[in-house]
Every structure is written in structure tokens, then in C-alpha cells.
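Here are some notes to read alongside the model, written for someone opening it for the first time. Keep the viewer open and go through the points in order.

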Amino acid sequence: MEQIYQINPELDIPIYRQLVDAIRAAVKKGILVSGQQLPTVQEVSADLSIAVGTIKRAYDELQREGLVEKIQGRGTFVSYRPADKKSRKDQAMEAIDAMLDRLEEMGFSAGEISIYLNLKLRERAEGEQSVKVALLECNPENLSQMTEQLRSLGNVELYSHLMESVEEYPYKIGEDMEMVVTTATHAQEVESLLPIPKRVIRVGLRLTPSCLAEIVKLRKNQTAGILCYSPRFGHLLQSTCRTYAEDVKVAEPEVFAPDMDIAAYLKGKDAVLVPKEYEKYCTVHVAQALRSFRGKCIECAYEMDEGSVLYLQEKIKRILESKTL
């Protein structure tokens, strides 16, 4: 921990920012890898003799940047990225290389490029506006997918929370939130809990088309299992299967467990439905078994429907425009 969580109280840089920078650097260098669990807030606080609130602020900032993900009941993890997809870092490096090649062809020196880049970054930082958005959902699987969708819209300062944590501590959602996004299922409850009910926006969820297509392809009398992190997500999938694969034998949802006998569970099954990026919800042993499963392993996710996304985009645009008036 000491090699990664290095801080210097004498620097004129806030402690939480030093922690954010140190962890971000460790992720970029591969010292902290995708899916790796970070020490708890209490552990870091005890080891470095830093206030718990400072550590929590650093972790919250890393979560907003998409570098880490908090999973209820398990801890904080480096955000998972599928191994077969080019990482955001790789994409960024390729784009930067292309830009640098172009500037060098135009005759600019490394020093000039550095000056102009810093100038442009400062200009953007000064003119950049964002909308504070709280996202509330009842299960981690849907919350993760919705968070990814909202971040992709841009100009959003996002705070994601599970419903149970908001029910217990409603003050987590401050009055400075400009939008509170949740599903129709929870909208009425959210409006009753928060001091800003008029800012609550209801969105619709749908199973991703690719996942639904795989479920529809299941044949009559085949047997399918459902593995999940939260029972609510598992029952959503079970309900979907009853609608679109009514002739398929669907087992009761099973929650990932550290000591589960995955080989016994998969035996006799033709398919198994799991959350998208299931590796971050289960043990390495279970993940390996699912990757080598001879049947069909269907990664499932519920996403905000197109109408909801378009409405959110328009809402964000209007709020940003009002800030420039």
C-alpha cells in the first residue's frame, strides 16, 4: 500500500487530490489492474493516519472519473474492462500520437506543442460546464450499466447510488443536484424522500437487443440457469425468460457466492444468463468456469431506452444553456 498511496503533507496540494493522482497513476502503469480490489477507506485511513472523510472523497472522485467502481457489500474495485476490447487509455494514446505526428509535420517543437496544449486545456477547463446528476437504482448490475450510459452523454458530474443507501441516508442526495435520474419503479419513492422532487426524472429500462436475441434463440426444452449478484436482477431476467423463452426450462436465479460449486451448477444446463461484465461480481474460479462453459453463456444488461436517453440529452442541453445566459 505504501508504494501506491504516497502522500506528502508539506505539498501545496490537497491530500485527497494526491491520493487521486497516485491511484490514477498506479492504474495507468498497470500496478493496479482491472477488477483489483482497493483497500477499504478505514484501512487506508489507519495506515496513513488520514481522516476517513479525506479517503472517501478521493474514492468518490475516482468513481466519478470511472477509474473505480463501488460494489455494495463487496468494496471498491478498479473498473473492469474486457480483455478483448481496446482500453480507453489505448484509444487516447493513439489519438494523441496522431495529433503529435501532425503537429510535428507542421514544424512545431516539443516545447511549443507543450505550451499550446496546456493553453488549450486551460481554456477548456475555464469554459467547461457540467450538470450535477444523481442516479438511483435498486441493484448494482443495472446501476453499473446506467452509469456507463449517462457518462457517455458528456457534461455530467455523476453520483451513482443504490436505492437502499438513499432510503437509509436521504441526505446523500444534496439540494445542489440538478437532475435525479431513476426508473419509474422507484420514482414515487424517490420524490417522497428528497427535498427536490421536481428534479426527479423517470427513465425506462429495456434488455439490450443483443441479449434478448440470444434468449429468443434458446430452443424448446433446453435448460437455462441464471447467475446474478443481486436477487432483484436475477428475477428480472427470470421474468424476461418467461415472456420470450416460455418453452425453456429456467432454473431459479442463483446469487454468486465465494464457495459455490460452479461445476455442479453448470452440469446439465444448455445456457446460463449472467450480468454483463460478470467477472467483477464473482470469484476468479467462477469466471474461469463460465468462460470455458460448453453451453451458451449470455451476458445480460438492462439499459435506458432510446426515448429516455434522448430526453436526458435534451434536459442536460437546456440546463447547460441556462447557465450561459
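1. First, a working term: a residue is called buried when its relative accessible area is under 20%, exposed when it is over 50%, and partly exposed in between. Arg24 is a good test of that cut-off: with a relative accessible area of 19%, it counts as buried. Bear in mind throughout that this is a predicted model.

2. Now the overall picture. The protein chain has 13 helices and 13 strands. Its C-alpha trace spans about 70 × 50 × 45 Å along the principal axes. Of its 325 residues, 40% count as buried. The accessible surface comes to about 18700 Å², and carbon and sulfur atoms account for 49% of that.

3. How much of the contact map joins residues that are at least 24 apart in sequence? Taking contacts between residues at least 6 apart, the share is 67%.

4. Next, have a look at helix H13, which covers residues 306-324. At 1.5 Å a residue, its 19 residues should span 27 Å, and the end C-alpha atoms are 28 Å apart, so expectation and model agree.

5. Which residues of H13 are buried? They are Ser308, Val309, Leu312, Ile316, Ile319 and Leu320. These residues cover an arc of only 105° around the axis, and therefore sit on the same side of H13. Turn to the other side of H13 and you find Glu306, Leu310, Arg318 and Thr324, which are exposed.

6. What do the buried residues of H13 pack against? One partner is a helix, H6 (140-152). The strands in the list are S3 (131-137), S4 (156-162), S5 (179-183), S6 (200-203) and S13 (302-304).

7. On to the charged pairs. Side chains of opposite charge can pair when their charged atoms come close. In this model the count comes to 18 salt bridges. Some of them join up: Arg17, Asp21, Arg24, Glu61, Arg64 and Glu65 are linked in a network. The next three points go through pairs from that group.

8. Glu61 and Arg17 form a salt bridge, with their closest N and O atoms 3.8 Å apart. Glu61 lies in helix H3 (residues 52-64) and Arg17 in helix H1 (residues 15-28), so this pair ties together parts that are 44 residues apart in sequence. As for accessibility, Glu61 is buried at 16%, whereas Arg17 is partly exposed at 22%.

9. Glu61 also meets Arg64 in a salt bridge, at 3.0 Å from N to O. Arg64 and Glu61 are 3 residues apart in helix H3, which means about one helical turn separates them. Arg64 has a relative accessibility of 24% and counts as partly exposed.

10. Back in H1, Asp21 forms a salt bridge with Arg24, and their closest N and O atoms are 2.9 Å apart. Both residues lie in helix H1, 3 residues apart, or about one turn of the helix. Why is Asp21 classed as partly exposed? Because its relative accessibility is 33%, and partly exposed is the class between 20% and 50%. Its partner Arg24, at 19%, is buried.

11. There is a nonpolar patch on the surface too. Met93, Ile96, Met99 and Leu117 make up a patch of about 300 Å². Helix H4 (residues 88-105) gives the most to the patch, with 3 residues. Leu117 is found in helix H5 (residues 110-127). Leu117 is partly exposed, with a relative accessible area of 33%.

12. Finally, two backbone details in loops. Ser49 has a positive phi of about 55° although it is not a glycine. Ser49 sits in the loop between helix H2 (41-48) and H3, and at 68% relative accessibility it counts as exposed. Asn155, likewise a residue other than glycine, has a positive phi near 55°. You will find Asn155 in the loop between H6 and S4, where it is partly exposed with a relative accessible area of 39%.

Conventions
Residues numbered from 1 in each chain as written. Predicted model: local features only at pLDDT ≥ 70, side-chain atom pairs only at ≥ 80, totals over all residues. Heavy atoms only, no water. Helix = DSSP H or I, 4+ residues; strand = E, 2+ residues; numbered from the N terminus. Expected span 1.5 Å × (residues − 1). Buried < 20%, exposed > 50% of the residue type's maximum accessible area, 1.4 Å probe, protein only. Arc of directions from axis to C-beta. Contact = heavy atoms within 4.5 Å. Patch = residues over 30% accessible without salt bridge, like charges linked within 9 Å, V, L, I, M, F, W, Y side chains within 5 Å. Areas by Shrake-Rupley, 256 points an atom, 1.4 Å probe, with all protein chains shown as cover. Salt bridge = Lys/Arg side-chain N within 4 Å of Asp/Glu carboxyl O.
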